[in-house]
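Open your viewer, keep the selection box handy, and follow along one stop at a time. Each stop says what to select and what is there.

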Amino acid sequence: MLNRRHIRVKVMQTIYAMHQSGSDNLEKQEKFLTASLENILDLYLIMLTTLTEIRKKEIDYIEISKKKHLATAEERNPNLRFINNSVLLALEESNSLSIAIEDRKINNWSINDDTILMLLQAVKQSDLYLNYMDKKSVTFEEERFFIADLFSEVIAPNEKLYSYLEDFKLTWVDDIPVVNTEILKQLKKFSKDEDFRISKLYKDIEDRDFAATLYRKTVLNEDKLAKEFIDKTPNWDIERIAELDTIILKMAICEFLNFPSIPLKVTINEYLELAKEYSTPKSSVFINGILDNLVKQFQTENRIKKIGRGLL
């Protein structure tokens with residue numbers, strides 16, 4: 001689920017928070033980083049279960065409507081296509097999902113069912129839902145694409161849901177797009193009659209360790225890393241450089257010198273993207289110039305050791 005870019009974002013934000021708080025407690029901040037990354041799995045499960053909980057609320061609504069004293073013909077014989085959708089049923093029956101929810105103690109929607117009721121109303125008012133329910137019959141592919149479209153066009157963009165998630169955990173603001181993209185990818189690729197399995201947080205152990213190693217090697221060597229670029233900014237006082245820019249530069253230099261399996265171009269491109277997204281309008285140009293000069297210098301001094309073909 002997590003790619004290296006998002007891991008870098010989390011490390012950058014942790015270092016920035018450490019600077020802002022004036023803390024030098026490395027262990028405490030590293031625990032914050034680990035928790036911030038682990039909590040993304042909770043967000044993933046919460047977003048995924050919006051679908052199963054919406055289905056459950058619709059079942060409740062149908063049962064209550066049937067028992068009304070003056071139930072209409074439609075209420076007595078409701079259209080069950082939505083609650084019988086194959087993808088929703090697969091999510092409901094997923095052992096992988098059920099175990100993860102229990103292990104992570106995810107109970108957001110049981111104590112905030114008003115959010116699910118609001119989402120159910122938005123779903124039932126959408127053209128996607130109305131058109132889907134109005135069809136004479138549907139194939140599995142139509143069921144699958146309906147749920148994928150419903151998630152991407154109605155549920156994920158819902159402002160009230162976004163506000164709830166932001167209020168629940170502020171660190172999720174940057175994580176929501178990553179999680180929603182993963183869920184949408186899963187929904188679109190889901191095959192008939194297969195068991196739905198939740199995504200792993202990290203692709204492999206290397207990615208899991210990358211976060212902690214990058215954080216430690218950057219924070220423990222901040223003064224040394226800063227010295228690498230201070231004399232490369234003759235027109236700038238170090239105090240005038242945006243703090244995020246200095247953090248980005250330190251992290252990039254740390255990767256140049258300490259991560260032999262990461263190509264130089266990958267490091268440069270990744271941190272330029274971070275600068276464009278999180279720092280000042282001119283930061284990416286400024287950082288690009290410094291990193292280009294440093295790469296040339298490090299290569300001349302034979303300080304960059306990369307393993308594998310094409311890593312330079």
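On this tour, a residue is called buried when its relative accessible area is under 20%, exposed when it is over 50%, and partly exposed in between. Please keep in mind that this is a predicted model.

**Stop 1: aromatic rings**

Colour the Phe, Tyr and Trp side chains to begin. Nine aromatic pairs turn up in the structure. Select phenylalanine 82 and phenylalanine 146 for an edge-to-face example, with 6.3 Å from centre to centre and 85° between the planes. These two rings come from distant parts of the chain, 64 residues apart: phenylalanine 82 sits in the loop between helix H3 (73-76) and helix H4 (86-92), while phenylalanine 146 belongs to helix H9 (residues 140-155). Phenylalanine 82 has a relative accessible area of 3%, so it is buried. Phenylalanine 146 is buried too, at 5% relative accessibility.

Now select tryptophan 109 and tyrosine 164, a tilted aromatic pair at 5.2 Å centre to centre with 40° between the planes. This pair also links distant parts of the chain, with tryptophan 109 in helix H6 (residues 108-111), tyrosine 164 in helix H10 (residues 159-168), and the two positions 55 residues apart. Are these two rings buried or exposed? Tryptophan 109 has a relative accessible area of 4%, which makes it buried. Tyrosine 164 comes out at 14% relative accessibility, and because the cut-off for buried is under 20%, tyrosine 164 counts as buried.

Go back to the first pair and add Tyr129 and Tyr132 to the selection. Ring pairs link Phe82, Tyr129, Tyr132 and Phe146 into a cluster.

**Stop 2: charges over rings**

Stay with tyrosine 132 and show arginine 81. Arginine 81 lies over the face of tyrosine 132, 6.0 Å from the ring centre. For another case, select lysine 169 and tryptophan 172: here the lysine is over the face of the tryptophan, at 5.8 Å from the ring centre.

**Stop 3: a cavity**

Next, turn to the space inside the model. How many cavities of 30 Å³ or more does a search of the whole structure find? The search finds one. The largest cavity holds about 30 Å³ of space.

To see its lining, select Met47, Ala156, Leu161, Tyr162, Leu165, Ile176 and Asn180. H10 and helix H11 (176-189) each supply at least two of the lining residues. H10 gives the most, with three residues. Colour the lining of this cavity by class and you will have six nonpolar residues, one polar residue and no charged residues.

**Stop 4: salt bridges**

Show the charged side chains now. The count of salt bridges comes to 19.

Begin with lysine 31 and glutamate 27, whose closest N and O atoms are 3.7 Å apart in a salt bridge. The two residues are four apart in helix H2 (residues 26-66), which means that about one helical turn separates them. Lysine 31 is exposed, with a relative accessible area of 55%. Glutamate 27 counts as exposed as well, at 53% relative accessibility.

Then move to glutamate 222 and lysine 250, where the side chains meet in a salt bridge at 3.0 Å, N to O. Glutamate 222 is in helix H13 (residues 222-230) and lysine 250 is in helix H14 (residues 243-258), so this pair ties together parts that lie 28 residues apart in sequence. Both ends of this bridge are worth colouring by accessibility. Glutamate 222 is buried, with a relative accessible area of 12%, and lysine 250 is buried with 10%.

Go on to lysine 276 and glutamate 273, whose side chains form a salt bridge at 3.6 Å, N to O. These residues are three apart in helix H15 (residues 264-278), so about one helical turn separates them. Lysine 276 is exposed, with a relative accessible area of 54%, whereas glutamate 273 counts as partly exposed at 31% relative accessibility.

For the last selection, pick Arg5, Arg8, Glu255 and Glu270. Salt bridges that share partners join these four residues, Arg5, Arg8, Glu255 and Glu270, into one network.

Notes. Residues numbered from 1 in each chain as written. Predicted model: local features only at pLDDT ≥ 70, side-chain atom pairs only at ≥ 80, totals over all residues. Heavy atoms only, no water. Phe/Tyr/Trp six-rings, centres within 6.5 Å; stacked < 30°, edge-to-face > 60°. Buried < 20%, exposed > 50% of the residue type's maximum accessible area, 1.4 Å probe, protein only. Lys NZ or Arg CZ within 6 Å of the ring centre and 35° of its normal. 1 Å grid on protein atoms, 1.4 Å probe; cavity = no way out; pocket = protein on both sides within 12 Å on 5 of 7 lines; lining within 4 Å. Points joined across faces, edges and corners; volume = space filled by probe spheres on them. Nonpolar A, V, L, I, M, F, W, Y, C, P; charged D, E, K, R; others polar.
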